Amino acid sequence: MAAYAGSNGLDPTAFPSLLQMENELVGFAADLLDAPPDAVGTVTSGGTESVLLAVQGARDARPDVRQPSMVLPETAHAAFHKAAHYFGVRAVLVSVGADFRADPAAMAAAIDETTVLVAVSAPSYAHGVVDPVPEIAAAAAVRGVRCHVDACIGGWVLPYAARLGRTVTPWTFAVEGVTSISVDTHKYAYAPKGTSVLLHRSPALRRPQYFASATWPGYTMLNSTLQSTKSGGPLAGTWAVVTTLGDDGYLRLAREVLDAVDAIVAGLARIPELRLVVAPDSTLLALACDETCDPFTLTDEIASRGWYVQPQMSYGDQPATLHLSVSAATLAHVDELLTALAESVTAAKEAGPVRVDPGVVAFIEALDPSTLSDDDFDGLLAASGLMGDPVAGLALPERMAEVNALLDVASPAMREALLVAFLDRLGRPVR
Ligand SMILES: Cc1ncc(COP(=O)(O)O)c(C=O)c1O
């Protein structure tokens with residue numbers, strides 16, 4: 001990675017070794033994902049860029065559709081909403097079934113003449129389950145619509161899970177109708193941050209992803225990704241990791257991470273306050289707490305014991321949950337994790353639920369997220385006690401339970417507005 005940090009992926013003729021590494025990586029991914037011989041792919045900067053390009057390509061492949069839309073299960077990653085926002089492709093959200101998997105009949109029914117893309121997850125981030133890809137890809141194919149499988153977080157594990165004899169819903173290019181797949185190397189290929197692979201079933205499907213511009217006096221700009229000049233470091237680092245580990249290494253790592261997931265699931269039976277929201281298909285777990293235990297206090301408690309467990313806010317009629325992304329490195333520490341979880345549950349029960357001040361709730365409810373001003377935000381910070389010294393700026397609390405509980409009572413639009421205001425405050429130059 002260091003050797004290639006100063007190289008530039010802008011021009012494959014200037015740095016041919018980068019092109020070779022990219023083609024070898026794409027080849028490895030294509031073999032892993034049952035891609036046909038003429039499949040092609042691109043290394044991008046991450047899952048979000050792969051998803052953005054899948055949506056942009058689908059839109060630009062259909063210039064005849066004036067107001068394009070895409071059909072998504074409501075569990076699709078937020079990157080699709082970013083793509084909708086950037087590229088003007090309306091997101092049609094379809095409710096999932098009781099098992100948190102996309103509902104094939106409802107997805108098929110949502111396809112109309114404006115649909116340029118249908119997307120599914122393998123697996124979804126929030127619940128860790130694989131959508132019924134064969135049924136949905138078939139429904140898209142019948143209508144002549146592209147079907148993208150977002151395997152950003154599971155795509156490098158699920159094929160090995162299948163080789164290990166586990167039951168995996170078919171989701172790769174082996175499924176007719178799947179036109180593109182995103183799989184992040186900077187997740188379960190254990191590569192350095194900054195790489196993902198976007199594969200297309202054929203060169204024709206990838207073509208609209210390319211951008212060229214000769215309408216200026218400099219070089220003809222020619223890009224396969226959103227970035228133009230880009231460091232070759234992440235690509236080289238990823239190539240080094242993937243070629244070093246190889247199929248055997250990934251099979252071993254998949255066995256380890258899946259054994260870790262099994263051990264965590266088994267151990268959860270001894271913590272009655274926690275329940276699995278749904279049995280995991282891969283390496284991600286969503287846990288719900290019973291009424292005796294506050295999830296946001298629990299995430300603080302376990303953080304104080306050295307474990308980062310991500311809180312997921314309540315959504316629709318679903319309560320807040322805890323998200324665990326398990327890796328092969330977790331296996332050696334599963335007992336410690338389960339002990340920390342059990343201790344944290346006890347501590348959270350003793351502490352009792354975090355209570356959001358009714359005055360703050362009323363304050364938030366009176367705000368309009370579409371017009372949230374700096375003054376509104378300052379008022380909220382003052383009311384919630386988050387603004388310490390007004391000169392020093394935001395005082396981040398050690399414990400996040402109160403903040404998370406506050407965000408949890410806000411509507412999704414309000415959560416977005418508050419967090420954008422928060423991020424804006426964090427980003428202030430040091431002069
Ligand atoms: C299913 C899925 N898609 C897309 C993304 C976005 O990936 P990134 O954070 O690399 O941009 C993620 C990230 O976790 C994901 O889980």
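Four strands form an open sheet in the order β10-β11-β13-β12, with antiparallel pairing. The structure described here is a predicted model, and the points below take up this sheet, the ligand and its surroundings, the aromatic residues, and one contact that spans a long stretch of the chain.

**The sheet**

- The edges of the sheet are formed by β10 (274-276) and β12 (310-312), each of which pairs on one side only, and from one strand to the next the twist averages 35°.
- Strand β11, covering residues 284-289, runs antiparallel to strand β13, covering residues 321-325, and 4 bridges join the two.
- Within this pairing, A286 has H323 in β13 as its bridge partner.

**The ligand and its surroundings**

- The residues that surround the ligand are G46, G47, T48, H77, P123, Y125, D150, C152, I153, D184, H186 and K187.
- Oxygen atoms of the ligand take part in several polar contacts: one lies 2.9 Å from a backbone N or O atom of G47, one lies 2.5 Å from a polar side-chain atom of T48, and one is 2.8 Å from an N or O atom in the side chain of H186.
- Taken alone, the ligand exposes 390 Å², and the protein buries 83% of that area.
- Two or more residues of the shell around the ligand come from each of the elements α2 (47-60) and α7 (185-188).

**Aromatic residues**

- The structure holds 7 aromatic pairs, and one of them joins Y86 and F87, whose ring centres are 6.3 Å apart and whose planes stand at 85°, so this pair is edge-to-face.
- F87 has a relative accessible area of 15%, and because the cut-off for buried is under 20%, F87 counts as buried.
- Y188 and Y190 also form an edge-to-face pair, with 6.0 Å centre to centre and 85° between the planes.
- The two members of that pair fall into separate accessibility classes, since Y188 counts as buried at 7% relative accessibility, whereas Y190 counts as partly exposed at 28%.
- A further group, made up of F28, W156, Y160 and Y250, forms one aromatic cluster.

**A contact across the chain**

- L19 is found in helix α1, which covers residues 16-32, and with a relative accessible area of 38% L19 is partly exposed.
- Although L19 and L235 are 216 residues apart along the chain, their C-alpha atoms are separated by 9.7 Å.

Key:
Residues numbered from 1 in each chain as written. Predicted model: local features only at pLDDT ≥ 70, side-chain atom pairs only at ≥ 80, totals over all residues. Heavy atoms only, no water. Pairing = 2+ DSSP bridges. Axes fitted to C-alpha atoms, helices over the stretch in contact; angles between N-to-C directions. Buried < 20%, exposed > 50% of the residue type's maximum accessible area, 1.4 Å probe, protein only. Phe/Tyr/Trp six-rings, centres within 6.5 Å; stacked < 30°, edge-to-face > 60°. Near = heavy atom within 4 Å. Polar contact = N/O pair within 3.5 Å; in protein donor to acceptor, adjacent residues only side chain to side chain. Areas by Shrake-Rupley, 256 points an atom, 1.4 Å probe, with all protein chains shown as cover.
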